[in-house]
Structure formats: structure tokens, C-alpha cells
Amino acid sequence: MRLLPGIGIAALLVACTSTASPSAQSSAQPAGAPAVSTASVGNAAGAASTDWRTYHGNVARTGVSTSMPAAVGNPTIAKAVTLDGAVYASPIVAKGITIVATEHDSVYAFDSAGNQLWVAHLGTASPAAERPCGNIDPLGITGTPVYDTSSGLVFVAPEYSGSPPRHELVGLILATGAVKWHTSIDLPGVDQVAMQERGALTVAGGSVWVPFGGLAGDCGNYKGRVVGMAVNGAGSPISYTVPTTREAGIWTPPGPTVDSTGRMYVAVGNGASGVGDPYDFSDSVLALNTSAQLVDSFSPTTWASDNAADKDLGSQGPAIVGQWIFQAGKSGTAYVLRRSALGGIGGEVSQAPLCASFGGTAVQNSIVYVPCTDGLRAVKIDSTGHMKVLWHAASTITGSPVIGGGRIWSLDTHAGVLYGLDPKTGASLGSVSVGAVSRFATPALSGKYALVPTLGGYSIVATS
């Protein structure tokens with residue numbers, strides 16, 4: 001095993017609490033001395049049914065927990081955990097161990113009570129001064145990690161300080177936090193400093209997949225790209241890059257959505273082509289196979305004008321709803337696509353005015369719960385692929401939703417409040433303040449708990 005330069009893994013035998021100093025704890029052992037206690041790890045292992053191994057729980061991004069007990073009364077904060085930096089990524093849970101990654105390029109592991117098991121500090125995150133635009137400072141691990149059951153590894157994609165900043169894929173051993181392997185995922189053909197890894201990682205076809213977009217402000221020569229690497233670290237990365245001259249980022253936080261065949265669906269932002277220019281596969285939903293090849297696509301007939309107005313589809317992740325793909329974006333129009341044939345330009349099964357949508361949906365049966373900038377919506381898709389809005393939640397509840405315990409869980413990301421909504425009406429059945437959160441924060445669900453990423457760490461919310 002080869003450690004990255006500057007990596008230090010510290011084992012902490014004391015619990016991490018809301019008042020502890022993570023930086024002081026992390027320096028308790030010298031860098032490069034991975035003396036990790038695993039005594040608590042075995043005790044922390046729980047039933048697989050409580051696991052939440054990737055963004056919204058599974059590679060289809062359905063966001064549904066089948067193990068959460070019925071929620072009762074108001075949710076409460078069981079513990080607020082302070083870490084060394086902001087958490088933009090969703091926590092994940094594997095074998096009962098909660099993994100949380102920070103913008104300081106640190107990865108933490110906790111048991112179900114929020115007691116720290118280990119921390120791996122992977123390097124120095126990129127400060128804002130190194131980049132021509134962007135709104136995260138420092139920029140470290142932003143995309144949600146993924147746990148792969150076949151290799152037993154947790155994968156993260158940190159950004160490191162440098163000239164230019166660099167991006168790597170790192171596989172960590174779940175039980176200890178030790179680095180099993182790592183590789184560069186900076187491939188030629190783009191302006192490296194302008195690339196940002198914001199979308200969630202996923203696993204499909206024996207590879208881990210990492211999406212790339214650009215920085216807030218759309219500066220530099222970035223291009224939307226998905227990079228794949230075998231989960232055992234063998235070979236070289238492969239990739240698909242959107243064939244545009246620049247932009248067309250694959251940046252929305254859910255990352256690729258994977259169906260039962262292993263096909264990956266990604267939402268693509270606005271590209272360089274506008275009205276009168278050649279089509280460049282921007283403002284689209286693209287289907288990729290596990291050889292990183294484009295196999296299908298959809299764009300609205302308004303793709304060129306949407307590009308020019310920055311009203312693209314790339315702000316919300318594709319949602320699999322049975323035989324359909326549901327897609328909404330910045331323009332306010334929602335589309336239903338046939339999953340077996342996306343339809344190319346203008347090939348939707350149906351479209352309807354809905355809302356501007358950012359982030360990740362949740363899906364249960366034929367209903368998709370859509371994060372809208374003016375309040376969460378429940379949308380039913382019928383057997384013909386047409387949409388009906390069932391309810392519209394309060395305008396402040398805009399966070400990417402998840403489902404468990406008989407409630408829809410969504411954040412008011414401006415106020416830092418988590419709401420539990422009635423699935424039938426969208427009315428609030430209870431709420432709790434969780435602390436300041438990022439715009440795209442979304443909970444993970446494990447057992448009776450909702451795990452909420454915050455700008456200071458994460459909050460453990462008891463739902464019953």
C-alpha cells in the first residue's frame with residue numbers, strides 16, 4: 001500500500017462531540033503513521049438493511065429507506081458533530097459505519113452513535129486563490145462518496161492544492177481508513193484548473209465513476225466529463241467527454257443515475273453552442289454504457305436558446321420512474337422520456353411546465369418528489385408517461401428529498417431546518433433546526449436517524 005504524500009490517518013479512542021476540536025484530535029499522531037484502532041469498528045457493524053452506501057441510498061438514486069421505523073412526533077437532534085471543514089457531500093453508511101467527507105480533504109468514520117472511529121486526512125484542499133472563479137473555499141471533497149461491496153472500499157474524489165489544482169480518485173479501506181490505492185483523474189483535453197468534481201460518485205460494471213463540471217461562474221475551458229476506473233485500481237482511467245467546445249458540465253450533486261442494466265444517465269448543462277450553431281449534446285440527458293460510450297441522448301427542441309439563457313437541464317439529476325426517465329432543470333419545464341429510447345432532440349413522451357429544479361429527486365413507485373426552488377413537489381407519472389402534480393410544499397422547503405419512516409424529509413436550506421412532510425399532502429408533520437447547510441444538502445437515512453451534512457460537520461437527527 002502506497003500512501004499519498006501528506007496523508008495521515010489518526011485513530012481516536014475518544015468520541016468526537018459537538019465541542020471537540022477535530023484539528024487537535026487529528027494531530028494526536030504524526031502524519032504517515034496509520035495506527036488505527038478497529039476495536040469499535042466491529043461493534044459498529046449493523047444490518048445491511050440500514051446501510052446507505054451512496055447518494056440517496058442506491059445507484060438508482062431513489063432516496064428511499066425501507067428500514068426506518070415509523071416517525072413519531074417532532075424530529076430531534078441526537079448529536080451535532082463538528083468536523084474540520086464544511087460538508088457538501090451527503091454522508092453514506094456502510095456496514096453500520098457512517099462516512100463523512102469534508103472540504104478540507106478529510107474523511108471521517110463514525111459509529112451509529114456518532115462516536116469517531118477514524119479520520120483520514122488526504123492532503124491540502126485547494127484555496128480559492130488558486131482558481132479563477134468558484135464559490136467553495138477551500139475546495140476539497142465535494143461529491144458524495146460511494147462504498148463498493150465487492151472491494152470493501154470507500155471511494156472519494158478530492159481536489160488538492162497545486163498549480164494547477166489536481167484531482168484524484170482514492171479508495172479507502174472501510175474498517176481502517178487506510179488508502180488502498182489512488183490515481184489521477186485529470187485527463188487531457190480540458191483546462192484542469194476550471195474542472196470541478198461536484199456530482200456524487202457511483203459504481204457500475206465493476207468501475208467507480210466520477211462526474212466533472214465547472215466552477216460557479218463558468219470560467220475557463222472546462223467540459224462535462226465522466227471518468228471511470230476499475231474498483232481494484234487496475235489499468236488506466238477511461239472517460240466520456242461531452243463533444244462541445246467548452247462547458248456542458250455534468251455537475252448536479254446526484255451524479256450518474258444507474259438503471260438495472262448498468263446503464264448510466266447523466267444530466268448535462270449548457271454548452272457553447274447557441275441558436276444557429278451545431279448541436280453539441282449539451283442541455284441534455286445522456287445515457288452511457290460501462291465502457292464510457294454514449295448510447296442514447298435527449299435534448300429539448302429549445303436546447304440552443306436554453307443554452308444561451310443558462311436555462312439548462314443539468315441542474316437536476318435524472319430520475320428513473322419505472323420505464324420512464326423524469327427530468328427537469330432550470331427552464332421550468334419537466335420532461336418524461338422513454339428509458340429504452342430517450343428520443344434525441346425533441347423526443348420526449350410528454351412535457352409540462354413545473355418548476356426550476358436543482359439537486360436530486362426521490363422516487364417511490366410512480367411518484368417522483370422534485371426539489372423546486374419555490375417548494376418541493378410530488379409528481380405522479382401515469383402509465384402513458386404523462387405527469388400530474390399531486391401537491392406543492394411550502395415555498396421555503398427546497399432541499400433534495402429522501403423518504404423514510406412514512407415521511408418525506410427535505411431541508412429549508414436557507415434556514416437550516418429539516419422538515420418531515422406528509423407523503424399524501426406535503427404538509428409539515430414536524431421540523432428541527434440542524435445548523436447552516438449548503439444549497440444542495442441532502443440527508444442520508446440509517447435506522448431511525450437522518451444524517452444531515454452541515455457547514456460545520458453533520459447533525460444526527462432522531463426521527464422517532
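## Strand β28 and its two hairpins

In this predicted model, strand β28, which spans residues 377–381, is largely enclosed by the rest of the structure, because four of its five residues are buried. The cut-off behind that statement is a relative accessible area under 20%.

Strand β28 has pairing partners in both β27 and β29. Strand β27, residues 367–370, runs antiparallel to β28 and is joined to it by four bridges, with Ile367 standing opposite Lys380 of β28. These two strands form a hairpin that leaves six residues between them, and in the turn Gly375 has a positive phi of about 120 degrees. Strand β29, residues 387–392, is likewise antiparallel to β28, here through five bridges, and Ala378 has Trp391 of β29 as its bridge partner. The hairpin of β28 and β29 has five residues between the strands, and Gly385 takes a positive phi near 85 degrees there.

## The open four-stranded sheet

Another part of the model holds an open sheet of four strands, arranged in the order β2-β36-β35-β34 with antiparallel pairing. Its edges are formed by β2 (76–82) and β34 (444–446), each of which pairs on one side only. Averaged over the sheet, and with direction ignored, neighbouring strands are turned by 20 degrees against each other.

The pairing of the edge strand β2 can be followed in some detail. Its partner is β36, residues 457–462, and the two strands pair in the antiparallel sense over six bridges. One of the residue pairs involved is Thr82 with its bridge partner Gly457 in β36. In general, the strands of a sheet pair through backbone hydrogen bonds, in either a parallel or an antiparallel arrangement.

## The surroundings of His167

Is His167, a residue of strand β10 (residues 166–173), buried or exposed? His167 has a relative accessible area of 1%, and it therefore counts as buried, since the limit for that class is under 20%.

Two polar contacts describe how the side chain of His167 is placed. One joins it to the side chain of Glu159 at 2.8 Å, while in the other the His167 side chain reaches the backbone oxygen of Met195 at 3.1 Å. Both Glu159 and Met195 also appear among the residues that His167 touches when those up to four places away in sequence are not counted. The remaining members of that list are Pro158, Thr183, Ser184, Ile185, Asp186, Gln192 and Phe212.

Terms used: Residues numbered from 1 in each chain as written. Predicted model: local features only at pLDDT ≥ 70, side-chain atom pairs only at ≥ 80, totals over all residues. Heavy atoms only, no water. Pairing = 2+ DSSP bridges. Axes fitted to C-alpha atoms, helices over the stretch in contact; angles between N-to-C directions. Buried < 20%, exposed > 50% of the residue type's maximum accessible area, 1.4 Å probe, protein only. Polar contact = N/O pair within 3.5 Å; in protein donor to acceptor, adjacent residues only side chain to side chain. Contact = heavy atoms within 4.5 Å.
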